Amino acid sequence: MKRINSIYYCKNDENCLIYLNLKNILMKTDLGVYDFLEKREYLKESSDNFIENALMGIDIENKSSLEEYKIKSNNSEYKIKAITLFMTYSCNLRCTYCYEGRSQEDHDETFFNEESLSSFISLLKELPIEEHCTLIFFGGEPLINFNMIKKVVESIKLDNNLKDRFFYSITTNATLLDHNIVKFLEENKFAITISIDGNELKTNVNRKTASGEGAYNYIVPNIKLLKNFNMIGRVTITDSNMDLIDNHKHLYELGFNSIAQSESYERIKMINYSVLNNEIKNYYNYFMQCLHEKDYTKCSSFKDIVKQLISIHLSVRQERHCGAGVSLIAVTPDVKIIPCQRFLDKKLGDNNKSFIELCKYDNKYNKKYKCNECIAYSTCSGGCYHSNIIFEDYDSSNSPFCKLNRTKITNAIKVYSELEESEKEILFAKMY
Ligand code: SF4
Ligand code: SF4
């Protein structure tokens with residue numbers, strides 16, 4: 001897409017597409033407007049307001065549900081909607097990309113215990129928690145400490161102030177699941193996210209047991225125990241795993257209802273980013289192919305793409321990249337609050353960053369990257385705090401994070417502009 005001030009635009013055979021990056025508003029109009037915008041010499045002197053006024057009257061593609069959305073999400077931004085609770089740092093697997101950066105010898109044996117439980121329940125009563133909040137059991141491998149997971153849930157249920165306010169979720173490698181655990185998860189309506197990197201070959205490259213054996217064959221039989229759950233598959237993209245389409249197909253066939261694929265930026269060499277960029281474009285094309293085949297159930301399984309399409313549909317402009325330290329927090333096994341799970345990273349030194357400090361990061365990186373000129377501004381708003389610190393030396397023109405983000409939003413805009421009204425209705429049916 002081309003850009004004038006805060007207006008991105010492009011054309012196809014029939015229409016001109018205009019995207020206002022600061023507002024996450026997408027407009028479709030006739031080709032005459034494209035010619036108008038092409039008069040750069042004249043327009044480059046004009047203010048954004050002038051250009052926006054000139055475009056007034058054009059039907060906004062995505063205004064339909066915006067007002068309703070705003071009413072529903074009113075002012076709840078500063079309340080905690082999700083808490084990631086570390087049950088342990090320990091894990092029965094030895095995945096090469098484990099972001100806690102611990103070697104096999106350096107496996108931290110800290111566990112959430114009885115003492116942590118009483119402090120945690122007291123903490124829940126003090127925190128500004130949203131009426132309904134998701135408690136995500138995390139690790140290491142949280143199921144190593146399954147007994148304490150049960151005790152946390154039981155304690156919440158026994159407390160009149162807390163019961164009925166929590167949804168439960170767990171992120172697990174699935175290798176320790178058994179009938180007893182599955183029964184408990186089912187009774188308490190857990191959402192389940194399973195870390196798995198695609199087919200056997202891809203998964204086994206990085207996900208290994210303590211003896212160095214590939215983990216795939218310990219994961220897949222247990223997935224069959226979860227037929228009554230909405231399972232999310234979480235893939236980590238690295239140099240050795242960039243075939244997003246193949247990963248998606250494989251996990252969908254295994255029964256995952258939703259698939260999220262996120263980059264481990266530290267595990268991708270600079271030279272490989274152009275390959276990944278192409279893979280991302282192909283992935284969006286694959287989504288379109290499923291859409292043309294009217295396979296809407298499969299379309300809904302593209303977790304990241306659907307999330308972006310909804311954001312364009314509702315013209316949601318994120319104030320911050322994420323809710324770390326504000327609407328989401330993480331709690332360590334010894335009940336210390338950190339902004340999110342990645343702030344355990346030892347490279348960050350003191351990880352107990354306050355929200356105020358994170359706001360400083362917002363300003364610093366927004367300025368450094370010139371985010372308000374970026375097409376991804378409304379959906380990114382300055383980038384992941386953790387990645388920004390890790391990639392301190394990059395600017396937005398060579399930051400791998402920024403490049404991939406721009407590819408994703410550009411493709412999402414293209415996909416959204418091609419959706420029929422009936423397709424939007426089906427795809428976004430579950431968004432409220
Ligand atoms: S800071 Fe980064 S890793 Fe943490 S929640 Fe936000 S986006 Fe996710
Ligand atoms: S992609 Fe980069 S430049 Fe664009 S908004 Fe995000 S951090 Fe800023």
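This is a short tour of the structure, stop by stop, with a selection to make at each one.

**Whole chain**

Start with everything shown. The model is predicted. Colour by secondary structure: the chain has 18 helices and 12 strands. Then colour by burial. Of the 432 residues, 33% are buried. For the contact map, take pairs with a separation of 6 or more: 74% of these contacts join residues 24 or more positions apart.

**Ligand 1**

Select ligand 1 and show its shell. Around it stand H321, C322, A324, C340, R342, C384, Y385 and H386. Colour this shell by residue class. Five of its residues are nonpolar, two are polar and one is charged.

**Ligand 2**

Move to ligand 2. Its surroundings are Y369, C371, C374, A376, Y377, C380, G382, G383, S396, C402, N405 and R406. By class, this shell holds seven nonpolar residues, four polar ones and one charged one.

Which helices each supply at least two residues of this shell? Select α15 (377–380) and α17 (400–418) to see them. The largest share comes from α17, which gives three residues. Keep α17 on screen for the next two stops.

**α17 against α11**

Add α11, residues 273–292. Two packed helices are described by the angle between their axes and the distance between the axes. Here the axes of α11 and α17 come within 10 Å and cross at roughly 20°. Angles under 35 degrees count as roughly parallel, so α11 is roughly parallel to α17. The crossing of these two helices is right-handed.

Now show the side chains of the contact. From α11, pick Y273, L276, N277, I280, K281, Y284, F287 and M288. From α17, pick P400, K403, L404, T407, K408, N411, V415 and E418. Scan the spacing along each helix as you go. An α-helix has 3.6 residues a turn, so residues three or four places apart point the same way. In this contact of α11 with α17, nine residues are nonpolar, three are polar and four are charged.

**α17 against α13**

Hide α11 and show α13, residues 303–313. How are α13 and α17 set, roughly parallel or roughly perpendicular? Their axes are 10 Å apart and the packing angle is about 70°. That angle makes α13 roughly perpendicular to α17. This crossing is right-handed.

Select I305, Q308, L309 and I312 on the α13 side. On the α17 side, select K408, I409, A412, I413, V415 and Y416. The contact of α13 with α17 has eight nonpolar residues, one polar and one charged. Leave K408 and V415 highlighted for a moment. Both take part in the contact with α11, and both take part in the contact with α13.

**α10 and what covers it**

Go to α10, residues 244–254. Which of its residues are buried? Select L244, N247, H248, H250 and L251. Then bring in the elements over them. The cover includes α8 (200–206), β9 (231–237), β10 (258–263) and α11 (273–292). Step off the end of the helix to G255. This glycine follows α10 and has a positive phi, near 110°.

**V235 in β9**

Stay in this region and select V235, which is found in strand β9. V235 counts as buried because 23 other C-beta atoms lie within 10 Å. Leaving out residues up to four places away in sequence, V235 touches D197, G198, N247, I259 and Q261. N247 is one of the buried residues of α10. Draw a distance from V235 to I259: C-alpha to C-alpha it is 7.6 Å, across 24 residues of sequence.

**Two loop residues with positive phi**

Finish with backbone angles. First select K294, in the loop between α11 and α12 (296–300). K294 is not a glycine, yet its phi is positive, about 60°. Is K294 buried or exposed? It counts as exposed because it has 11 C-beta neighbours inside 10 Å.

Then select V335, in the loop between β11 (328–331) and β12 (337–338). V335 is also a residue other than glycine with a positive phi, near 60°. With 18 other C-beta atoms within 10 Å, V335 is partly exposed.

Notes: Residues are numbered from 1 along each chain as its sequence is written. Chains are lettered from A and ligands numbered from 1 in the order in which they are written. This is a predicted model: local features need pLDDT of at least 70, side-chain atom pairs count only at pLDDT 80 or more; totals for chains, interfaces and linings use all residues. A residue is near a molecule or strand if its C-beta atom, placed from the backbone, lies within 6 Å of it. Helices (H or I, at least four residues) and strands (E, at least two) are DSSP runs, numbered from the N terminus. Ala, Val, Leu, Ile, Met, Phe, Trp, Tyr, Cys and Pro count as nonpolar, Asp, Glu, Lys and Arg as charged, and the others, Gly among them, as polar. A residue is buried if 20 or more other C-beta atoms lie within 10 Å of its own, exposed if 12 or fewer, and partly exposed in between; C-beta atoms are placed from the backbone. Two residues are in contact if their C-beta atoms, placed from the backbone, lie within 7 Å. Axes are lines fitted to C-alpha atoms, for helices over the stretch in contact, and angles run from 0 to 180 degrees between N-to-C directions. Angles under 35 degrees count as roughly parallel, over 145 as roughly antiparallel, 65 to 115 as roughly perpendicular and the rest as oblique. A crossing is left-handed if the near helix is turned anticlockwise from the far one by less than a right angle, and right-handed if clockwise.
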